[in-house]
Amino acid sequence: MLDSWLDLVHGAACVGCLTPGRSLCPRCASELPARGTAVRPTPCPAGLAACFAGGAYDDLLRAMILAHKEHATFSLAAPLGRVLAAAVSRALGPDSATVLVPVPSRPVVVRARGHDPVLRFTRAAGRELRGSGHRVRVAQVLEQRGSVHDQAGLTAGERAANLTGSMGVRANARAALARTRRPLSLLVCDDVLTTGATAREAQRALEDTGLPIRAVVTVAATRKRFPPPARLSGPPSGWALPLSGNAT
Ligand SMILES: [Zn+2]
């Protein structure tokens, strides 16, 4: 249903409020998260690096991510990049050059969509951060390997098993990073943090070739509906739970 709705509004109206005109109106653009939040999937894959997200995968951010990914609404890459950049700002190291590593899409998916959405908005985030004086670059260090079954309907454990070994480090990227003499902070970048399984696999692939990562950074993180307040005695399962203040 959301897809057919997006088909209707694609290219003709704001994906947030349906105002005719550009794909993101100034009012909706002004409501985008300007500061990232520390998040954590629950349950969390063992050993997952620190995670930061721009905001919750709801409403406006969800509509933007889907329109950009599924409908190639390229004008949304810059605002999505700004949201990612805000989250990256929370994860920057004190005195090191930062490399943004986009989670790779499967080549068959890139061909079907006609573009690589994560790479596109990660590059936009890199431009945004360099514009504010940060030493940041984007490198396609990771590649997809082997076949992965559809993740839909799998449990978190099944997802992790399905994904293990599905990513690897490009040989030339590894060599290029090794030639850099100053310390590098690697940040894995993706659109949505859900179970953390994809991010954990990206982290595994990098660490297995001696490339430790500083953090995982995404545009958005999923959350399930809150249980009724009276029953809310602990972290609700399924939330990417804020670790510190400033939750959105
Ligand atoms: Zn709007």
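1. Start with Asp191, which at 11% relative accessibility counts as buried. This is a predicted model, so keep that in mind for everything below. Asp191 sits in strand β7, residues 184-193. Setting aside neighbours within four places in sequence, its contacts are Ile65, Lys69, Val118, Phe121, Thr218, Val219 and Ala220. If you are checking charges, Lys69 is one of the residues on that contact list. The burial call follows because 11% falls under the 20% cut-off.

2. Val103 is another buried residue to look at, with 6% relative accessibility. You'll find Val103 in the loop between β3 (97-102) and α5 (107-113). Not counting residues up to four places away in sequence, Val103 touches Val118, Met167, Val188, Cys189, Asp190, Thr198 and Ala202. Val118 turns up here and also among the contacts of Asp191. As for Met167, 64 residues separate it from Val103 in sequence, while the C-alpha atoms are 9.0 Å apart in space.

3. Now the metal. Which protein atoms hold the zinc ion? The donors are the SG atoms of Cys14, Cys17, Cys25 and Cys28, at 2.3 to 2.4 Å from the ion. Along the chain they follow the spacing C-x2-C-x7-C-x2-C. The angles among the four donor atoms run from 104 to 115°, and the site is tetrahedral. For reference, the ideal angle for four tetrahedral donors is 109.5 degrees.

4. What does the zinc site tie together in sequence terms? Cys17 is in the loop between α1 (2-9) and α2 (26-30), whereas Cys28 is in helix α2, so this pair links parts that are 11 residues apart in sequence. The two cysteines also differ in how they are classed: Cys17 counts as partly exposed at 25% relative accessibility, and Cys28 counts as buried at 5%.

5. Leu18 deserves a look while you are there. Its phi is positive, about 70°, although Leu18 is not a glycine. Leu18 lies in the loop between α1 and α2, the loop that also holds Cys17. With a relative accessible area of 39%, Leu18 is partly exposed.

6. Asp59 is a second non-glycine residue with positive phi, in this case near 40°. Its place is in helix α3, which covers residues 59-71. Buried or exposed, then, for Asp59? Exposed, at 68% relative accessibility.

7. One more backbone item for your checks: the peptide bond joining Thr42 and Pro43 is cis, with omega about 0°. Pro43 is placed in the loop between β1 (37-39) and β2 (51-56).

8. On to helix packing. The axes of α4 (residues 77-91) and α6 (residues 117-131) come within 7 Å and cross at roughly 65°. The crossing is right-handed. On the α4 side the contact is made by Ala77, Ala78, Leu80, Gly81, Arg82, Leu84, Ala85, Val88 and Ser89; on the α6 side by Arg120, Phe121, Thr122, Ala124, Ala125, Glu128 and Leu129. By residue class, that contact divides into 10 nonpolar, three polar and three charged. Phe121 of α6 is also one of the residues in contact with Asp191.

9. Helices α7 (residues 156-163) and α9 (residues 197-208) make another pair, with axes that come within 9 Å and cross at roughly 35°. Here too α7 passes α9 in a right-handed crossing. Arg159, Ala160 and Leu163 of α7 meet Ala197, Thr198 and Glu201 of α9. The residues of this contact split into three nonpolar, one polar and two charged. Thr198 in this contact is also among the residues touched by Val103.

10. Thr155 belongs to the loop between β5 (142-144) and α7. At 45% relative accessibility, Thr155 counts as partly exposed. How far apart are the C-alpha atoms of Thr155 and Thr195? They are separated by 9.2 Å, with these positions 40 residues apart along the chain.

11. Finally, the whole chain. It has nine helices and eight strands. Buried residues make up 47% of the 248 residues. Of the contacts between residues at least 6 apart in sequence, 74% join residues at least 24 apart.

How values were computed:
Residues numbered from 1 in each chain as written. Predicted model: local features only at pLDDT ≥ 70, side-chain atom pairs only at ≥ 80, totals over all residues. Heavy atoms only, no water. Axes fitted to C-alpha atoms, helices over the stretch in contact; angles between N-to-C directions. Helix = DSSP H or I, 4+ residues; strand = E, 2+ residues; numbered from the N terminus. Left-handed = near helix turned anticlockwise from the far one by under 90°. Contact = heavy atoms within 4.5 Å. Nonpolar A, V, L, I, M, F, W, Y, C, P; charged D, E, K, R; others polar. Donors = N, O, S within 2.8 Å, 3.2 Å for Na, K, Ca; no water. Tetrahedral: all angles 85-135°; square planar, octahedral: opposite > 155°, others 65-115°. Buried < 20%, exposed > 50% of the residue type's maximum accessible area, 1.4 Å probe, protein only.
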